[in-house]
Amino acid sequence: MGNRLTQIATRTGDDGSTGLGDNTRVSKNSLRPHAMGDVDELNSHIGLLLCEPLPQDVRELLGDVQHQLFNLGGELSMPGYELLKGDGLLQLDNALAQYNAQLPRLVEFILPAGTRAAAQAHVCRTVARRAERQVVALQEVETMRPAPRQYLNRLSDLLFVLARVLNRMDGGDDVYWKSERLARLAAGE
């Protein structure tokens with residue numbers, strides 16, 4: 001891996017460019033820095049979620065996710081380099097199966113609300129979706145392996161499931177959307 005940062009304020013980005021891990025410079029407004037930034041933002045939001053009271057298994061899972069996201073960000077910053085490993089995706093798949101099995105089947109849309117931890121998990125989910133869209137946009141113009149896109153896709157699904165788990169942590173429930181159409185159907189109209 002390249003040199004570690006020893007000086008934070010380098011002023012090299014004052015011209016609107018940023019350095020990648022392969023020592024090339026690109027516009028801060030190009031697709032790669034956008035994807036890197038969204039992954040970094042997602043990791044920061046997960047850090048905020050970790051400030052909440054969480055079951056220990058969820059806390060450990062999210063800690064692992066933060067490390068995988070750092071790997072993903074590193075991979076995005078070094079074109080052609082592979083840091084995100086397949087076991088990270090497998091961990092998400094296993095966690096999805098485990099936590100989803102504990103939940104009742106959804107019969108209505110839910111709002112991104114409930115407990116503070118659940119609401120923060122929903123924020124993480126939406127940022128994961130945005131990061132995924134940025135990676136897809138990057139993959140449309142540059143050759144990349146599918147792992148970063150797949151990881152973000154699966155992570156957003158897991159964050160949705162975890163939000164539901166966290167809403168039930170102390171006997172709560174999801175916050176359901178009040179659909180006017182479904183209310184009329186329930187009333188027999």
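This is a short talk on the fold, the salt bridges, one aromatic pair and the cysteines of the structure shown above.

Before anything else, please keep in mind that this is a predicted model.

I will start with the overall layout. The protein chain has 189 residues, and 38% of them are buried. There are 6 helices and 2 strands. Going along the sequence, the order is β-β-α-α-α-α-α-α, with both strands ahead of the helices. Take the contacts between residues at least 6 apart in sequence: 70% of these join residues at least 24 apart. As for the surface, the chain exposes about 10,900 Å², and 52% of that comes from carbon and sulfur atoms.

Now to helix α1, which covers residues 31-49. Leucine 31 lies in this helix. With a relative accessibility of 30%, leucine 31 is partly exposed. Which residues does leucine 31 touch, leaving aside those up to four places away in sequence? They are Gln134, Ala137, Leu138 and Val141. There is also a distance to mention here: the C-alpha atoms of leucine 31 and glutamine 139 are 9.4 Å apart, while the two residues are 108 residues apart along the chain.

The next residue in helix α1 brings me to the salt bridges. Side chains of opposite charge can pair when their charged atoms come close. How many salt bridges does a search of the whole structure find? The count is 13. I will go through three of them.

In one, the side chain of arginine 32 meets that of glutamate 142, at 2.4 Å from N to O. Arginine 32 belongs to helix α1, whereas glutamate 142 sits in the loop between α4 (116-141) and α5, so this salt bridge ties together parts that are 110 residues apart in sequence. Is arginine 32 buried or exposed? Arginine 32 is buried, because its relative accessible area is 6% and the limit for buried is under 20%. Its partner, glutamate 142, is partly exposed at 32%.

Another salt bridge joins the side chains of glutamate 52 and arginine 116, with 2.8 Å from N to O. This pair also links distant parts of the chain: glutamate 52 is in the loop between α1 and α2 (56-77), arginine 116 is in helix α4, and they are 64 residues apart. Glutamate 52 is buried, at 12% relative accessibility. Arginine 116 is exposed, with a relative accessible area of 65%.

The last of the three is between glutamate 82 and arginine 145, whose closest N and O atoms are 3.9 Å apart. Why does this pair tie together parts that are 63 residues apart in sequence? Because glutamate 82 lies in the loop between α2 and α3 (86-100), and arginine 145 lies in the loop between α4 and α5. Glutamate 82 is partly exposed, with a relative accessible area of 42%. Arginine 145 is partly exposed as well, at 27%. The two residues belong to one network, in which salt bridges that share partners join Glu75, Glu82, Lys85 and Arg145.

Next, the aromatic residues. A pair of aromatic rings is described by the distance of the centres and the angle of the planes. The count for this structure is 1 aromatic pair. Phenylalanine 109 and tryptophan 177 form it, edge-to-face, with 5.9 Å from centre to centre and 65° between the planes. The pair links distant parts of the chain, 68 residues apart: phenylalanine 109 is in the loop between α3 and α4, and tryptophan 177 is in the loop between α5 and α6. Phenylalanine 109 is exposed, at 59% relative accessibility. Tryptophan 177 is partly exposed, with a relative accessible area of 41%.

These two residues come up again on the surface. Together with Leu111, Phe109 and Trp177 make a nonpolar surface patch of about 330 Å². To find Trp177 on the model, look at the loop between α5 (147-167) and α6 (180-186).

Finally, the cysteines. A disulfide is a covalent bond between the sulfur atoms of two cysteines. How many disulfides does the structure hold? The number is 0. Cysteine 51 is exposed, at 62% relative accessibility. Cysteine 124, on the other hand, is buried, with a relative accessible area of 0%.

That is the end of the talk.

Terms used
Residues numbered from 1 in each chain as written. Predicted model: local features only at pLDDT ≥ 70, side-chain atom pairs only at ≥ 80, totals over all residues. Heavy atoms only, no water. Patch = residues over 30% accessible without salt bridge, like charges linked within 9 Å, V, L, I, M, F, W, Y side chains within 5 Å. Areas by Shrake-Rupley, 256 points an atom, 1.4 Å probe, with all protein chains shown as cover. Salt bridge = Lys/Arg side-chain N within 4 Å of Asp/Glu carboxyl O. Helix = DSSP H or I, 4+ residues; strand = E, 2+ residues; numbered from the N terminus. Buried < 20%, exposed > 50% of the residue type's maximum accessible area, 1.4 Å probe, protein only. Phe/Tyr/Trp six-rings, centres within 6.5 Å; stacked < 30°, edge-to-face > 60°. Contact = heavy atoms within 4.5 Å. Disulfide = S-S within 2.5 Å.
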